[in-house]
Amino acid sequence: MNDELHDETRDDEPFEDGAFGDDGFDDSALEAELREAAAILDPVPAQLREIAVAAFALHDLDARIAELTFDSVVDAIPVRGATDVPRMLTFRAGEVTVDVEVTAHGLMGQVLPPQPARIEVLGGPRTAAPLDADAMGRFAADTPLTGPFALRLRTGAEVVVTEWTRA
């Protein structure tokens, strides 16, 4: 008897393959609304977010950490009347220095001493955006940075990761 009931419900199933997604429903808008609701109703605690960012920074345990030695927001003298000025950052790890200029349109920088390098722009769970520094150590990315970011540099056998900072 149970088999008959089971067979009957199978024939009357309202959900068939392809029943969803073919009607042109934009599920990205729904996803955005759900993310916003989750952020309001159950936000991630700040301390947990900091721990997660720090754990992500440990992705390359053998990498040297480049310390932030200059930040124009903190260290520079502001110019009165200047708007939309780029943020200048300098990171240093031993002999390697990375100068970075962050603007609303992206970033550009240089590895010193000048050398070719493979650079990844890290930004949380997003996929790293790879960049190549030329022989003079220059690199650029035209993707605006949002939120915390770090740079991972691969120069030959050496891996250097900058401290995380906000754009």
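Thr162 belongs to strand E9, which spans residues 158–162. The model is predicted. Thr162 has a relative accessibility of 1% and therefore counts as buried, the limit being under 20%. Its side chain reaches the backbone nitrogen of Leu151 at 2.8 Å. Leu151 also appears among the residues that Thr162 touches, once residues up to four places away in sequence are set aside. The others in that set are Ala66, Phe91, Ala150 and Leu153.

A second threonine, Thr155, is placed in strand E8, residues 148–155. Thr155 has a relative accessible area of 10%, so this residue is buried as well. Leaving out residues up to four places away in sequence, Thr155 touches Gln115, Pro116 and Ala117. The C-alpha atoms of Thr155 and Ile119 are separated by 8.8 Å. Along the chain, these two residues are 36 residues apart.

Strand E5 covers residues 117–122 and contains Glu120. Glu120 counts as buried because its relative accessibility is 16%, and the buried class lies under 20%. The side chain of Glu120 makes a polar contact with the side chain of Arg154. The distance in this pair is 3.4 Å.

Helix H2 runs over residues 27–41 and includes Leu30. Leu30 has 40% relative accessibility, so it counts as partly exposed, between the buried limit of 20% and the exposed limit of 50%. Leu30 contributes to a nonpolar surface patch, together with Phe25 and Leu34. The area of this patch is about 310 Å².

At the level of the whole chain, the secondary structure comprises four helices and 10 strands. Their order along the sequence is α-α-α-β-α-β-β-β-β-β-β-β-β-β. Three helices thus precede the initial strand, because the pattern opens with α-α-α-β. One further helix follows that strand, and the pattern then continues in strands to its end.

The protein chain has 167 residues, and buried residues make up 26% of them. Thr162, at 1% relative accessibility, falls in this buried class. The exposed area of the chain is about 12000 Å². Carbon and sulfur atoms supply 56% of that area. Contacts were also sorted by sequence separation. Among contacts with a separation of 6 or more, 46% join residues 24 or more positions apart.

Methods: Residues are numbered from 1 along each chain as its sequence is written. This is a predicted model: local features need pLDDT of at least 70, side-chain atom pairs count only at pLDDT 80 or more; totals for chains, interfaces and linings use all residues. Side-chain values use heavy atoms; hydrogens and water are left out. Patches are made of residues with over 30% relative accessible area and no salt bridge: like charges are joined within 9 Å, nonpolar side chains (Val, Leu, Ile, Met, Phe, Trp, Tyr) within 5 Å. Accessible areas come from the Shrake-Rupley method with a 1.4 Å probe; for residues, only the protein chains shown count as cover. A salt bridge is a side-chain nitrogen of Lys or Arg within 4 Å of a carboxyl oxygen of Asp or Glu. Helices (H or I, at least four residues) and strands (E, at least two) are DSSP runs, numbered from the N terminus. Buried means under 20% relative accessible area, exposed over 50%, partly exposed in between (1.4 Å probe, protein chains only). Contact means heavy atoms within 4.5 Å. A polar contact is a pair of N or O atoms within 3.5 Å; within protein, one must be able to donate a hydrogen and the other to accept it, and residues adjacent in sequence count only if both atoms are side-chain atoms.
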